[in-house]
Amino acid sequence: MMLGLRVGAAAAATRFLGRRVAAIATPSGATMASHGHADVSQTADMSKPMYCDRVDTPLPDRAYKDELSAADKSLKQKEKGPWNQLTKEEKIALYRLMFRKTYPEMKQPTAEWKTVMGGVFIFLGMTGLVVWWQSVYVYPPQPRTFDREWQAKQVQRMLDMKVSPVEGFSSKWDYEKGQWK
Amino acid sequence: MSLTKPAMRGLLGKRLRFHLPIAFGLSILVAVAFKYTVTEPRKRAYAEFYKQYDAVKEFKAMREAGVFESVRPSGE
């Protein structure tokens, strides 16, 4: 259903941008930690199936824990039998072997929006400074058609020509009294 | 515990059966509303305007205002 796209953001970035760009583009450990993703591992062999915590992918490509201790292995053996013989703690332990986060844990809000909004405003501000510099040093003088007197004469000429007299421009002008209605 | 089997087929058909009549209904409603709030008043406005329209008078007024190049105001 996901067309095989069950890879993390880093892998997707690698696929589209190349390894070196993806290394820059993937959030670094510092940014990830400040957003509340402090427990992300930094290196992963992306040629093998990977685990992911995604709300839209309930069953990742592999279980979370692949190096099982002896206790884990015996629990996995017990899982092969009837499940109503498992205690509640064992069921939870099995879940935690398969998955890192539960759905409520995955859906917890992060502080990422603050970084995004901050970045947006920073770039908007920089753009504003560029635009201001442009208006001082780049723009040529305004055409004469922008002057107040020219605009007034233009309006008068439009009224003389009776532009849009039915429902538009000239219909709002009272020709007898010489003023706007 | 056994859950009821969810609907596996006919999902698009069900959605269309629900949404298409609404879509058509709303579109027709908007079209009718536009006709009676915009086009009919506009047609009446134009009819009223041209009932009292004297083309020669308007031409003379425009000529005096000096907007034409083929005829100058009568004073010149």
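## Around Asp174(A)

Let us start with one residue of this predicted model. Leaving aside residues up to four places away in sequence, Asp174(A) touches Gln179(A) and Lys181(A). Asp174(A) sits in strand β1 of chain A, which covers residues 173–174.

Is Asp174(A) buried or exposed? Its relative accessible area is 15%, and because the cut-off for buried is under 20%, Asp174(A) counts as buried.

## A nonpolar patch on chain A

Moving to the surface, you can find a nonpolar patch of about 940 Å². Its makers are Leu129(A), Val131(A), Trp132(A), Trp133(A), Val136(A), Tyr137(A), Val138(A) and Tyr139(A). One of them, Val136(A), belongs to helix α7 of chain A, which runs over residues 112–137.

## Chain B at a glance

Chain B is built with 2 helices and 0 strands. Of its 76 residues, 5% count as buried. The chain exposes about 7000 Å², and 65% of that area comes from carbon and sulfur atoms.

## Where the two chains meet

The size of an interface is often given as the accessible area lost when the parts come together. Here, chain B and chain A bury about 770 Å² between them, with 63% of it on carbon and sulfur atoms. Which residues of chain B lose the most area to chain A? They are Phe49(B), Met62(B) and Val67(B), which together account for 51% of what the chain B side buries. The contact involves 10 residues from chain B and 7 residues from chain A.

Charged and polar groups also take part. Across this interface there are 2 salt bridges, and 2 residue pairs are in polar contact. The side chains of Glu58(B) and Lys162(A) meet in a salt bridge, at 2.7 Å from N to O. On the side of chain B that touches chain A, the elements giving two or more residues are α1 (11–51) and α2 (55–65) of chain B. Of these, α1(B) gives the most, with 5 residues.

## Salt bridges within chain A

Side chains of opposite charge can pair when their charged atoms come close. Over all chains, the count comes to 13 salt bridges. One of the pairs in chain A is Asp53(A) with Arg100(A), whose closest N and O atoms are 2.9 Å apart. Asp53(A) lies in the loop between α3 (29–34) and α4 (70–79), and Arg100(A) in the loop between α5 (88–98) and α6 (103–106), so this pair ties together parts of chain A that are 47 residues apart in sequence. Asp53(A) is partly exposed at 21% relative accessible area, and Arg100(A) is partly exposed at 23%.

Another pair is Lys78(A) with Glu90(A), where the closest N and O atoms are 2.9 Å apart. This pair links distant parts of the chain, with Lys78(A) in helix α4 and Glu90(A) in helix α5, 12 residues apart. Lys78(A) counts as partly exposed, with 33% relative accessibility.

## A charged network in chain B

Which residues are linked in a network of salt bridges? Lys35(B), Glu40(B) and Lys43(B) are. Within this network, Lys43(B) pairs with Glu40(B), the closest N and O atoms being 3.3 Å apart.

Lys43(B) and Glu40(B) are 3 residues apart in helix α1 of chain B, so about one helical turn separates them. Lys43(B) has 51% relative accessibility and therefore counts as exposed.

Definitions and conventions:
Residues numbered from 1 in each chain as written. Chains lettered and ligands numbered in written order. Predicted model: local features only at pLDDT ≥ 70, side-chain atom pairs only at ≥ 80, totals over all residues. Heavy atoms only, no water. Helix = DSSP H or I, 4+ residues; strand = E, 2+ residues; numbered from the N terminus. Buried < 20%, exposed > 50% of the residue type's maximum accessible area, 1.4 Å probe, protein only. Areas by Shrake-Rupley, 256 points an atom, 1.4 Å probe, with all protein chains shown as cover. Contact = heavy atoms within 4.5 Å. Patch = residues over 30% accessible without salt bridge, like charges linked within 9 Å, V, L, I, M, F, W, Y side chains within 5 Å. Salt bridge = Lys/Arg side-chain N within 4 Å of Asp/Glu carboxyl O. Buried area = accessible area lost by both parts, 1.4 Å probe. Polar contact = N/O pair within 3.5 Å; in protein donor to acceptor, adjacent residues only side chain to side chain.
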